[in-house]
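The exercises below are meant to be worked with the sequence and the structure side by side. Try each task before reading the solution that follows.

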Amino acid sequence: MSLADLAQPGILDPIPAHGRYLSCQQRVGADPRTVLQRLASQADGKATVVGLGASLVRELGAQIPGLKTFTGIEGARIKLPATPTDLLVWLRGTDRGDLLIRSRHLQTLLAPEFDVADITDAFNHDHGKDLTGYEDGTENPQGDDALTVALLPESAGALAGSSFVAVQRWCHHMSRFEAMPRHQQDHTIGRERESNEELDDAPASAHVKRTAQESFDPEAFVLRRSMPWAEGNEGGLVFAAFGHSFDAFEAQLRRMSGAEDGITDALFTFSEPQTGAYFWCPPVQGGLLDLRALGL
């Protein structure tokens, strides 16, 4: 069985037309085992991607090496909220109404032991662009490189094919961005919007230069599977970075936040993260979640 066969397919598949993120918190004194087994029997990892937080894994008396709680970045010059939760469910599909029905079913399934603390609806905008109009995830690894970057290797044994994911919901202050001259917008991102070409004369604070994955030592590649979100007239990006560890994500965020060299990413001039959490996404077996590493 290949590594790709062990991974939740939704991690590797292209971004869907619609998505819905459910952040769930375990109720005090609850025993999550039965509910998690029931969830595993229904979640295929393709239309329903599941991630467990460090607190939930500890509650189960299990250990996943490399899994930890996001606490921000030491030395960051901007605010990086840490909002850990026990369970993340990313629903993927082509019909928003179907996602609503599925999320209500999941809420009922989880209700004995978990509360759904937050729901964020997301979507694919203009063939994979951010709400600013710039292409998202241009330098995503492809093919076998994506497997190497996003998944734990076969040498990880029972954890092979699983993945760690860092999730942040960013809120774009669109009026600030819209007030920028086009030249400033391009230099904030570091690319020309229409051509998506990287700008040689972009400043050191440009987002592309802050996050150039090959410029780190070691290189800091992640598999991005981010989706825009909107509620009323507000919107932004649900940023999701999958990796075989959190190291690459933290290296990028350290540089973005100014903790590395004092230069903060120009992205922060119009956008800010509202949430931040880490999760472990179990492998699959027979088309369903495989929770044996948790003793389930």
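Asp-186 is buried, because its relative accessible area is 9%, and a residue counts as buried when that value is under 20%. The coordinates come from a predicted model, so every value in these exercises is computed from that model.

**Exercise 1. In which helix does Asp-186 lie, and which residues does Asp-186 touch beyond four places away in sequence?**

Step 1. Asp-186 belongs to helix H8, a helix that covers residues 182-189.

Step 2. Leaving out residues up to four places away in sequence, Asp-186 touches Tyr-134, Arg-191, Glu-192, Arg-193 and Leu-199.

Step 3. Within H8, the buried residues are Gln-185, Asp-186, His-187, Thr-188 and Ile-189, and the buried residues of this helix pack against helix H7 (174-179) and helix H9 (207-210).

Step 4. To see what comes after the helix, look at Gly-190, which follows H8 and has a positive phi, near 95°.

**Exercise 2. How many of the residues of strand E3 (residues 87-93) are buried, and which of them point one way and which the other?**

Step 1. The count gives 7 of the 7 residues of E3 as buried, and therefore this strand is largely enclosed by the rest of the structure.

Step 2. In a regular strand the side chains alternate between the two faces of the sheet.

Step 3. In E3, one set that points the one way consists of Leu-87, Val-89, Leu-91 and Gly-93, while Leu-88, Trp-90 and Arg-92 point the other way, and all of these residues are buried.

**Exercise 3. Which strands pair with E3, and over how many bridges?**

Step 1. Strand E1 (residues 18-26) pairs with E3 in the antiparallel sense, over 7 bridges. Two of the matched positions can be named: Tyr-21 has Trp-90 as its bridge partner in E3, and Leu-22 has Val-89.

Step 2. Strand E2 (residues 48-52) is joined to E3 by 5 bridges, and these two strands also run antiparallel. Here Leu-52 stands opposite Leu-87 in E3.

Step 3. E1 has a further partner to trace, since E1 and strand E4 (residues 114-123) pair in the antiparallel sense over 9 bridges, with Cys-24 opposite Val-116 in E4.

Step 4. As for the burial of E1, 7 of its 9 residues are buried, so E1 is largely enclosed by the rest of the structure.

**Exercise 4. Is Leu-88 buried or exposed, and which residues is Leu-88 in contact with beyond its neighbours in sequence?**

Step 1. Leu-88 is found in strand E3, and at 7% relative accessibility Leu-88 counts as buried.

Step 2. Setting aside neighbours within four places in sequence, Leu-88 is in contact with Tyr-21, Leu-22, Ser-23, Val-49, Val-50, Gly-51, Val-167 and Phe-279.

Step 3. For a separation across the fold, take Leu-88 and Ala-230, which are 142 residues apart along the chain and whose C-alpha atoms are separated by 19 Å.

**Exercise 5. Where does Ser-226 lie, and which residues does Ser-226 touch beyond four places away in sequence?**

Step 1. Ser-226 sits in the loop between strand E6 (223-224) and strand E7 (227-231), and with a relative accessible area of 7% Ser-226 is buried.

Step 2. Not counting residues up to four places away in sequence, Ser-226 touches Ile-15, Asp-136, Leu-237, Val-238, Phe-239 and Ala-240.

Step 3. Glu-197, by contrast, is 29 residues from Ser-226 in sequence and 20 Å from Ser-226 in space, taken C-alpha to C-alpha.

**Exercise 6. Why does the radius of gyration of the protein agree with that of a compact globule?**

Step 1. For 296 residues, a compact globule would have a radius of gyration near 19 Å, and the protein has 19 Å, which is why the two agree.

Step 2. Along the principal axes, the C-alpha trace spans about 55 × 40 × 35 Å, and the secondary structure comes to 10 helices and 12 strands.

Step 3. Of the 296 residues, 54% count as buried. Among contacts between residues at least 6 apart in sequence, 78% join residues at least 24 apart.

Step 4. Turning to the surface, the accessible area comes to about 13,300 Å², of which 48% belongs to carbon and sulfur atoms. The mean positions of the 26 positive and 41 negative charges lie 5 Å apart.

Conventions:
Residues numbered from 1 in each chain as written. Predicted model: local features only at pLDDT ≥ 70, side-chain atom pairs only at ≥ 80, totals over all residues. Heavy atoms only, no water. Helix = DSSP H or I, 4+ residues; strand = E, 2+ residues; numbered from the N terminus. Rg over C-alpha atoms; globule rule 2.2 N^0.38 Å. Buried < 20%, exposed > 50% of the residue type's maximum accessible area, 1.4 Å probe, protein only. Contact = heavy atoms within 4.5 Å. Areas by Shrake-Rupley, 256 points an atom, 1.4 Å probe, with all protein chains shown as cover. Lys, Arg positive; Asp, Glu negative; His and termini not counted. Charge placed at Lys NZ, Arg CZ, Asp CG, Glu CD. Pairing = 2+ DSSP bridges.
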